[in-house]
Amino acid sequence: MQFTKLHGLGNSYIFVDLFSESLENKSLSELAVAVANPDTGIGSDGLILVGPSEAADVRMRIFNADGSEAMNCGNGVRASAKLAYEKKRVLETSFTVETNGGIVTAFVHPDEQGMVHEVTVDMGKPKLNRQEIPLTAGGPADEQHVNKSVQTSPVDEPFTAVGMGNPHAVIFVDDIAQAPVVEDGPKLECASFFPDRVNVEYIEMITPQEMNFKVWERGSGVTQACGTGACAAVVAAVLNKQASFDEEVTVHLPGGDLHIRWNEMDRHVWMRGPAELICTGAYYL
Ligand SMILES: N[C@@H](CCC[C@H](N)C(=O)O)C(=O)O
């Protein structure tokens, strides 16, 4: 199997181009676990398949390092867009990407050689009601969960629940260096009131335009960056009146910066950030 390894701010995935490769009759979950393993595989935060779509210009499927399939991946969309454009699977600089969480629109910014190092993505509207996340505790299913505690929670902190195709719980902290990512992240990820599990983000507001960020990703644990998580963090900051609609927020992730804006008029979230090639190779199935 030919693969390409790419990363967005250190959040790395093994990409397989389904325009040219076939993985029919293969267990994609098992393949994700195998390639993600740094000792016996290639080493990554998961597996991403980029291929033809009936609903959009390309389709992206993402599997976490534990083999679970996710609905969306912000860093993965940027890297998929780079791959699709550079391999001429799409010919325009803006195109649609089908994810299991909905269709998003990518805008690549190629340099003079046609290489893409930065991508902007219209990530669409966040889902905010508990039933859409899904979150089954803390209040009525058709209401938002903004900076609220849950009685049966394994962690003390209140959180804000945001769906970016995939589920996120965002927690405000005073000092990002003290955020209990490894201690509490897995507990909240698997709390029974998140029936699909959840990605857990800790954020420290510096100004309304700038925040520090750390993440515990569902199915992959601590990663250097999470694009959907950064989008969810900015949505949570606006909902908690710590940031404003229409104003770009620079999110400092362990792997680098993402630039996120939540538009008031159409409620779409926009993300801008890098996507880089690491290597290509052959993996023996
Ligand atoms: N790293 C990603 C998100 C990957 C999926 C996530 N772990 C989930 O299970 O929802 C990103 O950049 O958004």
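**Exercise 1.** Find where P134 sits.

*Solution.* Start with the numbering: residues count from 1 along each chain as its sequence is written. The model is predicted, so local features need pLDDT of at least 70, side-chain atom pairs count only at pLDDT 80 or more, totals for chains, interfaces and linings use all residues, and side-chain values use heavy atoms, with hydrogens and water left out. Now look between β8 (116-122) and β9 (160-163): the loop there holds P134. Strands here are DSSP runs (E, at least two residues), helices are H or I runs of at least four, and both are numbered from the N terminus. Next, check the peptide bond from I133 to P134: it's cis, with omega near 0°.

**Exercise 2.** Work out which residues are closest to the ligand.

*Solution.* First, collect the shell: 16 residues surround the ligand, where near means a heavy atom within 4 Å. The closest are N11, G74, R218, G227 and T228. Then sort the shell by type: five are nonpolar, nine polar and two charged. For this sorting, Ala, Val, Leu, Ile, Met, Phe, Trp, Tyr, Cys and Pro are nonpolar, Asp, Glu, Lys and Arg are charged, and the others, Gly among them, are polar.

**Exercise 3.** Pick out polar contacts (pairs of N or O atoms within 3.5 Å) between side chains and the ligand.

*Solution.* Try the ligand's nitrogen atoms first. N11 puts a polar side-chain atom 2.7 Å from a ligand nitrogen, and for Y13 an N or O atom of the side chain is 2.9 Å from a ligand nitrogen. Now go to oxygen: a polar side-chain atom of R218 lies 2.8 Å from a ligand oxygen. Finally, name the elements giving two or more residues to the shell: β2 (11-17), β4 (58-64), α2 (74-86) and α4 (227-239).

Notes. Polar contact = N/O pair within 3.5 Å; in protein donor to acceptor, adjacent residues only side chain to side chain.
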